[in-house]
Amino acid sequence: MDLPHEIATVQAELGRVDAKATALLGLAGTAASVAAGTAAFTVTRLPGGALIALWTMAALLVSAVLVLLGAIRPTLPRPGAGHGWVAYAYSTAAELAAISTVQHIQDRRADLVRLSRIARTKYVLLRAAVDLLRTSVAAGVLAVILAVTGKGI
């Protein structure tokens with residue numbers, strides 16, 4: 001196993017998932033603003049079914065934003081735990097010089113496992129947020145249809 005290559009691959013994956021989550025967060029925030037503005041402007045003129053669909057859309061958007069915030073939130077081990085740059089931040093030059101090659105390799109393997117788990121968790125959260133956003137779009141479309149047709153529940 002080419003450990004440095006594997007770690008670089010996972011780090012690149014973390015960068016990609018963070019970029020995706022950030023882009024979706026911007027989209028969800030914009031959609032939530034539009035939904036809130038629409039609801040505030042037309043709350044007295046919408047049929048009941050459209051209001052319910054609009055509030056459902058808003059709730060789903062807020063849920064998606066919260067999930068995306070969880071995806072982009074940094075995952076840092078507590079002081080004294082972890083490896084790589086996190087551990088280096090709490091170490092002295094003398095402590096780093098005392099690390100053996102064997103210990104360094106073991107630490108790098110632990111880094112690979114930790115980073116891979118973080119990447120997997122972020123992708124699971126990203127997938128859940130996409131599902132919430134898709135459902136919120138469906139609720140928004142339903143709200144528009146109900147508002148245009150004037151149908152209530």
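This report walks through a predicted model of one protein chain, from its overall make-up to a few individual residues.

## The chain as a whole

Let's start with the big picture. The chain contains 5 helices and 0 strands, and its elements, read from the N terminus, run α-α-α-α-α. Of its 153 residues, 29% are buried.

How do the contacts spread along the sequence? Taking contacts between residues at least 6 apart in sequence, 88% join residues at least 24 apart.

## Two helices to look at

Helix α2 covers residues 48-72, and helix α5 covers residues 101-149. A quick check on their lengths is easy to do. With 25 residues at 1.5 Å a residue, α2 should span 36 Å, and its end C-alpha atoms are indeed 36 Å apart, so the two values agree. For α5, the 49 residues should span 72 Å; the end C-alpha atoms are 71 Å apart, which agrees.

Just after α5 comes G150, which has a positive phi, near 75 degrees.

## How α2 and α5 pack

The axes of α2 and α5 come within 8 Å and cross at roughly 165 degrees. Angles over 145 degrees count as roughly antiparallel, so α2 is roughly antiparallel to α5. The crossing of α2 past α5 is left-handed.

What kinds of residues make up the contact of α2 with α5? There are 22 nonpolar residues, 7 polar and 1 charged.

## The buried side of the story in α2

Which residues of α2 are buried? They are G49, A50, L51, A53, L54, M57, L60, L61, A64, V67, L68 and A71. When you read that list, it helps to keep one rule in mind: an α-helix has 3.6 residues a turn, so residues three or four places apart point the same way.

L60 makes a good example from helix α2. Its relative accessible area is 16%, under the 20% cut-off, so L60 counts as buried. Setting aside neighbours within four places in sequence, L60 is in contact with L132, T135 and S136. The C-alpha atoms of L60 and D131 are 9.5 Å apart, although these two residues are 71 residues apart along the chain.

## L115 in helix α5

Now over to L115, a residue of helix α5. Is it buried or exposed? L115 has a relative accessible area of 10%, so it is buried.

Its partners come from another part of the sequence. Leaving aside neighbours within four places in sequence, L115 is in contact with I7, V10, Q11 and L14. With I7, the separation along the chain is 108 residues, while the C-alpha atoms are 7.7 Å apart.

## R73, in a loop

R73 sits in the loop between α2 and α3, the latter being residues 85-89. Its relative accessible area is 60%, and the cut-off for exposed is over 50%, so R73 is exposed.

How far is R73 from K122 in space? The C-alpha to C-alpha distance is 9.3 Å, and the two residues are 49 residues apart in sequence.

## Putting it together

If you have the structure open, try following α2 and α5 side by side: they are roughly antiparallel, with a left-handed crossing. Then pick out L60, buried in α2, and L115, buried in α5, and finish at R73, which is exposed.

Notes
Residues numbered from 1 in each chain as written. Predicted model: local features only at pLDDT ≥ 70, side-chain atom pairs only at ≥ 80, totals over all residues. Heavy atoms only, no water. Axes fitted to C-alpha atoms, helices over the stretch in contact; angles between N-to-C directions. Helix = DSSP H or I, 4+ residues; strand = E, 2+ residues; numbered from the N terminus. Parallel < 35°, antiparallel > 145°, perpendicular 65-115°, else oblique. Left-handed = near helix turned anticlockwise from the far one by under 90°. Nonpolar A, V, L, I, M, F, W, Y, C, P; charged D, E, K, R; others polar. Expected span 1.5 Å × (residues − 1). Buried < 20%, exposed > 50% of the residue type's maximum accessible area, 1.4 Å probe, protein only. Contact = heavy atoms within 4.5 Å.
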